[in-house]
Number of protein chains: 2
Amino acid sequence: MKLTQRMFVTVMHDYSTLLKHIEPHINLSDEERTLLISVLKYKKIKRKQLVEQPGFVSKYRTYVVEGALRAYFIGADEQEHTISLAVDDWWIGDPGSFLFQEPATLYIEAIEDTTIIQWSYESEKLLLEKIPQFAMVMMMRWQRTAVMIQRRVISNLSLSAEERYEEFAKKYPVFVQRIPLYIIASYLGMTREFLSKIRNQKISSKN
Amino acid sequence: MKLTQRMFVTVMHDYSTLLKHIEPHINLSDEERTLLISVLKYKKIKRKQLVEQPGFVSKYRTYVVEGALRAYFIGADEQEHTISLAVDDWWIGDPGSFLFQEPATLYIEAIEDTTIIQWSYESEKLLLEKIPQFAMVMMMRWQRTAVMIQRRVISNLSLSAEERYEEFAKKYPVFVQRIPLYIIASYLGMTREFLSKIRNQKISSKN
DNA sequence: CGAAAATTTGACATGACTCAACTGGAGTGG
DNA sequence: CCACTCCAGTTGAGTCATGTCAAATTTTCG
């Protein structure tokens, strides 16, 4: 009985989703998998709680097992602007702060109660050193990330508020269900009021 | 005399800027440097000439030795939107097309007569295979790229047209000198006319 | 259940766009 | 070396998409 309890504490966290995320791109030896897992930290975050905030250096990469987080900042206009959203099986963070180990500019906040897995800056160095293919996986990830962010720039440049919302709703139906309107509006670069009007126009014009 | 001529043709291209770009992050053995150089292609591009265009798969990474290129697309609004600009010692491309080897959506066009260095998709695979630290360098590059693009999203979300221009002019004085106004406007997400007005207002208000 | 947070709605304001006409180079060819 | 065209930039008048503000309503959650 004691044994099972200890097992629960030290082993029972479920890293399978994260491993499924990484393993298709890489063949981990048993040692390597053990190293990777040894470095992971499992955390539970309550709704509204902050994972990072401006002024503090970002020490961890954050992978969302389940729940929802957002990254936002407060601009000179004193408005919140949402930079990124992450639900189950996505990553989120303040990449500039982590990369250069300088104070963050973003808040990372839980939109729902959320469970995350993290690894530290030092651990990432270790992983890059000890697992030859790890850099490759990360490279692919960052490249895809860059492509995604660039797509967002493209929408911002060429689409109207209504078109941006439509594209968003089509691309991320999950977000439309789970993320409050005012956050979506701040992600799309429009006011809550205007997004509200867009939504209701759509409904009424469907009759 | 014959010998010098051959040397000119096969050896004389100046890869030093590119190597300076890469080598701080990596210790290349002589073999590795030879491999890298063997894979590079040196090209001269005339003003207005296209390096890539929509519908064609992007086969090369492009590094600008000197000159200026831009990446743009034509939106549903039939307007040109500039996605990225590159002058001396920068990279440019359609990363989505290269990564997934699917048809490009972007035009890459020379703004001035330009010299570039390229390597192919296959070569990149080779470099990743043969040069252990190459993935690491690329990872860092893509990570920095992602951070940069994200900064642009931040400006788009939180700044007015005038503020965006001011930030741009401060950050990239080179571009203000060398890139025509209508391209800068399309990069910043505003019309040529409006940017023209912003510029002239600024001058007149300085008296 | 009650307070706080999120959303909706309407009237009004404005930043940025559209259109159209004009100006001033920069090539280009005779 | 002029004449011509073409492309980039400028300017102004009118318009439209989106923002602002404020109040009413609905939803959420402790």
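Reader: By class, how many nonpolar, polar and charged residues does the surface near DNA strand C have?

Author: In this predicted model, the surface near DNA strand C has six nonpolar, four polar and six charged residues.

Reader: What makes a residue count as near DNA strand C, and which residues are closest?

Author: The criterion is a C-beta atom, placed from the backbone, within 6 Å of the strand. In this model, 16 residues surround DNA strand C, and the closest are A:Pro180, A:Leu181, A:Tyr182, A:Ser196 and B:Phe194. Two or more residues come from each of α9 (181–188) and α10 of chain A, and from each of α7 (161–171) and α10 of chain B. The largest share belongs to α10(A), with six residues.

Reader: Which residues and elements surround DNA strand D?

Author: Around DNA strand D there are 16 residues, the closest being A:Ser160, A:Phe194, B:Pro180, B:Leu181 and B:Ser196. Chain A contributes two or more residues from each of α7 (161–171) and α10 (192–205), while chain B does so from each of α9 (181–188) and α10 (192–205). Here α10(B) gives the most, with six residues. The classes on the surface near DNA strand D are six nonpolar, four polar and six charged residues.

Reader: How many residues does each chain bring to the contact of chain A with chain B, and what makes two residues count as touching?

Author: Two residues are in contact if their C-beta atoms, placed from the backbone, lie within 7 Å. The contact takes 28 residues from chain A and 28 residues from chain B. On the side of chain A that touches chain B, at least two residues come from each of β5 (80–87), α4 (95–100) and α6 (134–158). Of the elements of chain A, α6(A) gives the most to this side, with 17 residues. By class, this side of chain A has 17 nonpolar, nine polar and two charged residues.

Reader: How do you know how the two copies are related?

Author: Chain A can be laid on chain B by a turn of 180° and a shift of 0.0 Å along the axis, with an RMSD of 0.0 Å. The two copies are therefore related as by a two-fold rotation axis. The same surface serves both copies, since 100% of the contact residues of chain A recur in chain B.

Reader: Why are α3(B) and α5(B) called roughly antiparallel?

Author: The axes of α3 (residues 30–39) and α5 (residues 121–130) of chain B come within 10 Å and cross at roughly 175°. Angles over 145 degrees count as roughly antiparallel, so α3(B) is roughly antiparallel to α5(B). Where the two helices meet, α3(B) presents B:Leu35, B:Leu36 and B:Val39, and α5(B) presents B:Ser123, B:Leu126, B:Leu127 and B:Lys130. These contact residues divide into five nonpolar, one polar and one charged.

Reader: What makes β1(B) and β6(B) the edge strands of their sheet?

Author: The sheet is open and has four strands in the order β1-β8-β3-β6 (chain B), with antiparallel pairing. β1 (41–45) and β6 (90–92) of chain B each pair on one side only, and they are the edge strands. Neighbouring strands of this sheet are turned by 35° against each other on average, direction ignored.

Reader: How do you know that β1(B) and β8(B) pair?

Author: Two strands pair if DSSP finds at least two bridges between them. Five bridges join β1(B) to β8 (residues 114–120) of chain B, and the two strands run antiparallel. For B:Lys41, the bridge partner in β8(B) is B:Gln118. On this sheet packs α5(B), which touches β3 (60–66) and β8 of chain B and makes about 65° with the direction of β8(B).

Reader: Why is one side of β2(A) and of β5(A) left without a neighbour in the sheet?

Author: The strands of this open sheet follow the order β2-β7-β4-β5 (chain A), and the pairing is antiparallel. Because β2 (50–52) and β5 of chain A stand at the edges, each has a single partner strand and one side without a neighbour in the sheet. The average turn between neighbouring strands is 30°, direction ignored.

Reader: How many bridges join β2(A) to β7(A), and which helices lie on this sheet?

Author: Two bridges join β2(A) to β7 (residues 107–110) of chain A, and at least two are required for a pair. Opposite A:Leu50 in β7(A) stands A:Glu109. One helix packed on the sheet is α9(A), which touches β4 (68–74) and β5 of chain A at about 110° to the direction of β5(A). From chain B, α6 (residues 134–158) lies across β4 and β5 of chain A, running at about 130° to β5(A).

Definitions and conventions:
Residues numbered from 1 in each chain as written. Chains lettered and ligands numbered in written order. Predicted model: local features only at pLDDT ≥ 70, side-chain atom pairs only at ≥ 80, totals over all residues. Nonpolar A, V, L, I, M, F, W, Y, C, P; charged D, E, K, R; others polar. Least-squares fit on C-alpha atoms with pLDDT ≥ 70 in both. Axes fitted to C-alpha atoms, helices over the stretch in contact; angles between N-to-C directions. Parallel < 35°, antiparallel > 145°, perpendicular 65-115°, else oblique.
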